[in-house]
Amino acid sequence: MNAWVSAALIAAVAVAVVVMRLRGEPLNARDLFAAPLILTGIGAWTLWKADGIGVADAFWVAGGALLGVSLGVVRGLTIQVFEKEGVLWQRYTGRTFAVMAVSALISFGFGLLAGRMGMHPQARPVQLSIGVGFLGEALAVGARGLMSGVPFAPESRGGRRR
């Protein structure tokens with residue numbers, strides 16, 4: 001698949017997720033973790049298939065992944081987790097978007113530094129960056145949901161919640 005088409009599809013999915021979470025949506029484990037794990041897996045597979053990736057690149061990837069998960073956790077702490085209709089819901093807040101903006105700047109700076117220090121361009125898949133960020137967010141929101149004592153929302157079937 002063309003890199004631009006792939007990037008456009010990923011961006012469209014990310015925008016759709018953000019819009020749904022801005023409006024508020026039921027919180028269930030599958031929806032919370034599926035997209036981050038899939039994107040992270042695609043990013044890891046892309047790295048696996050890339051040529052010319054060295055040990056130094058692996059350290060930059062690990063550092064970037066740790067940074068992405070950490071920034072995602074911070075973002076996850078700004079998300080409103082609340083009870084509605086007897087189950088958990090989540091909603092992005094203004095602080096969530098502020099953290100997104102700061103995170104994007106930090107990640108961009110890290111990417112520039114990594115590139116200047118010689119990181120191989122193929123060692124920076126967009127899917128991995130987005131995936132680990134959403135994974136960090138999911139970990140924070142999921143932990144907060146578990147600590148609330150309110151049940152997670154059931155999985156949807158055919159677009160309807162049970």
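**Exercise 1. The start of helix α2**

Which backbone nitrogen does a side-chain oxygen of Asn 28 reach at the start of α2?

Solution. The model is a predicted one. Look at the start of α2 and find Asn 28. A side-chain oxygen of this residue comes to within 3.1 Å of the backbone nitrogen of Arg 30.

**Exercise 2. The length of helix α2**

Compare the expected span of α2 with the distance between its end C-alpha atoms.

Solution. Step one: helix α2 covers residues 29-49, which is 21 residues. Step two: the expected span is 1.5 Å times one less than the number of residues, so α2 should span 30 Å. Step three: the end C-alpha atoms of α2 are 30 Å apart, which agrees with the expected span.

**Exercise 3. The two sides of helix α2**

Which residues of α2 are buried, and how do they lie around the helix axis?

Solution. Step one: take buried to mean under 20% relative accessible area, and exposed to mean over 50%. Step two: the buried residues of α2 are Leu 32, Pro 36, Leu 39, Thr 40, Gly 43 and Leu 47. Step three: viewed down the axis of α2, these buried residues fall within an arc of 95°, so they line one face of the helix. Step four: recall that an α-helix has 3.6 residues a turn, so residues three or four places apart point the same way. Step five: turn to the other side of α2, where Leu 37, Ile 38, Trp 45, Trp 48 and Lys 49 are exposed.

**Exercise 4. The hairpin of β2 and β3**

Describe how β2 and β3 are joined, and state where Glu 85 lies.

Solution. Step one: β2 and β3 run antiparallel and are joined by five bridges. Step two: within this pair, Glu 83 stands opposite Leu 88 in β3. Step three: β2 spans 80-84 and β3 spans 87-91, with Glu 85 in the loop between them. The hairpin has two residues between its strands. Step four: phi of Glu 85 is near 55°, which is positive although the residue is not glycine. Step five: the relative accessible area of Glu 85 is 70%, so Glu 85 is exposed.

**Exercise 5. The whole chain**

How many helices and strands does the protein chain have, and in what order do the elements run?

Solution. Step one: the protein chain has five helices and five strands. Step two: from the N terminus on, the order is α-β-α-α-β-β-α-α-β-β. Step three: the radius of gyration of the protein chain is 17 Å, close to the 15 Å given by the globule rule for 162 residues, so the chain is as compact as a globular protein of that length. Step four: 35% of the 162 residues count as buried.

Terms used. Residues numbered from 1 in each chain as written. Predicted model: local features only at pLDDT ≥ 70, side-chain atom pairs only at ≥ 80, totals over all residues. Heavy atoms only, no water. Helix = DSSP H or I, 4+ residues; strand = E, 2+ residues; numbered from the N terminus. Buried < 20%, exposed > 50% of the residue type's maximum accessible area, 1.4 Å probe, protein only. Arc of directions from axis to C-beta. Polar contact = N/O pair within 3.5 Å; in protein donor to acceptor, adjacent residues only side chain to side chain. Pairing = 2+ DSSP bridges. Rg over C-alpha atoms; globule rule 2.2 N^0.38 Å.
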